[in-house]
Amino acid sequence: SSEGGLDRDEARRRRQKYGANEIVTDVAMPKWLIFLMQFRDLLVLVLLVAGVVSLLIGSYRNGAIMFAIVLINAVIGFVQEYKAGKILERLRELIMSPAKVMVGGELKEVSQGQLVPGDIVKIESGDKVPADLRILECFDLRTNEFSLTGESTPQGKESNAIREERILADRENMAYTGTTIATGNAIGLVARTGMSTEMGKIASMTQETATVK
């Protein structure tokens with residue numbers, strides 16, 4: 001990169017390599033399909049068959065219990081998957097905002113999705129951070145990182161290099177997608193975009209499910 005920012009032709013090439021700066025979600029399924037998907041498990045099918053057999057032989061109590069277990073399991077599974085989908089929608093809404101980018105030495109406003117690693121952006125009080133940024137210059141910069149790290153008070157930032165390993169909340173020279181600027185202003189270098197950002201990693205985890213025996 002350079003102080004004047006990336007050439008937009010180079011930015012387009014990098015966008016083809018790294019993808020758009022946005023949270024990617026799985027294709028949304030209708031609610032009724034999410035509910036029906038809860039009945040595809042082998043154990044659930046066995047319980048359904050056993051419940052039908054129980055009713056046929058007159059064991060109505062056992063049959064009712066089996067159907068109740070299947071229904072409760074389906075409702076719990078549906079609620080969990082539905083909430084995961086809503087979390088992703090909220091994450092997308094949380095991070096989207098315009099970005100002020102250096103283009104040819106001039107500051108221009110572009111959509112957040114167009115940012116690529118290497119872009120130089122300016123952030124100031126009230127802005128949302130449009131990508132994971134390595135802070136190059138800053139003045140009285142403090143960011144609200146509750147949505148990412150759980151820190152309840154604005155965190156002070158600086159541009160100095162960090163030589164040792166640190167946890168996410170202690171990386172003072174970084175600003176992260178989806179957090180907001182409480183005070184001050186800064187110039188930052190886009191280090192990660194889209195699903196490679198810390199917020200993107202959280203979105204990835206909400207889409208990962210594991211089958212438990």
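User: Before we start, what does "buried" mean here?

Analyst: Buried means under 20% relative accessible area. In this predicted model, both D127 and K100 are buried.

User: What makes D127 and K100 a salt bridge?

Analyst: Their closest N and O atoms are 2.7 Å apart. A salt bridge asks for a Lys or Arg side-chain nitrogen within 4 Å of a carboxyl oxygen of Asp or Glu, so this pair qualifies. D127 lies in the loop between β3 and β4 and K100 in strand β1, so the pair ties together parts that are 27 residues apart in sequence.

User: Why is E198 called buried, and what about K201?

Analyst: E198 has 13% relative accessibility, and the cut-off is under 20%, so E198 counts as buried. K201 has 39%; exposed needs over 50%, and partly exposed is in between, so K201 is partly exposed.

User: How do you know that E198 and K201 form a salt bridge?

Analyst: Their N to O distance is 3.3 Å, and the limit is within 4 Å, so the pair counts. Both residues lie in helix α6, three residues apart, about one turn of the helix.

User: How do you know that strands β4 and β7 pair?

Analyst: Pairing takes at least two bridges, and these strands have ten, so they pair, in the antiparallel sense. In one spot, L133 stands opposite V190 in β7.

User: What makes β4 and β5 a pair?

Analyst: Two bridges join them, and at least two are needed, so they count as paired. They run antiparallel, and the bridge partner of T143 in β5 is Q155.

Terms used. Residues numbered from 1 in each chain as written. Predicted model: local features only at pLDDT ≥ 70, side-chain atom pairs only at ≥ 80, totals over all residues. Heavy atoms only, no water. Helix = DSSP H or I, 4+ residues; strand = E, 2+ residues; numbered from the N terminus. Buried < 20%, exposed > 50% of the residue type's maximum accessible area, 1.4 Å probe, protein only.
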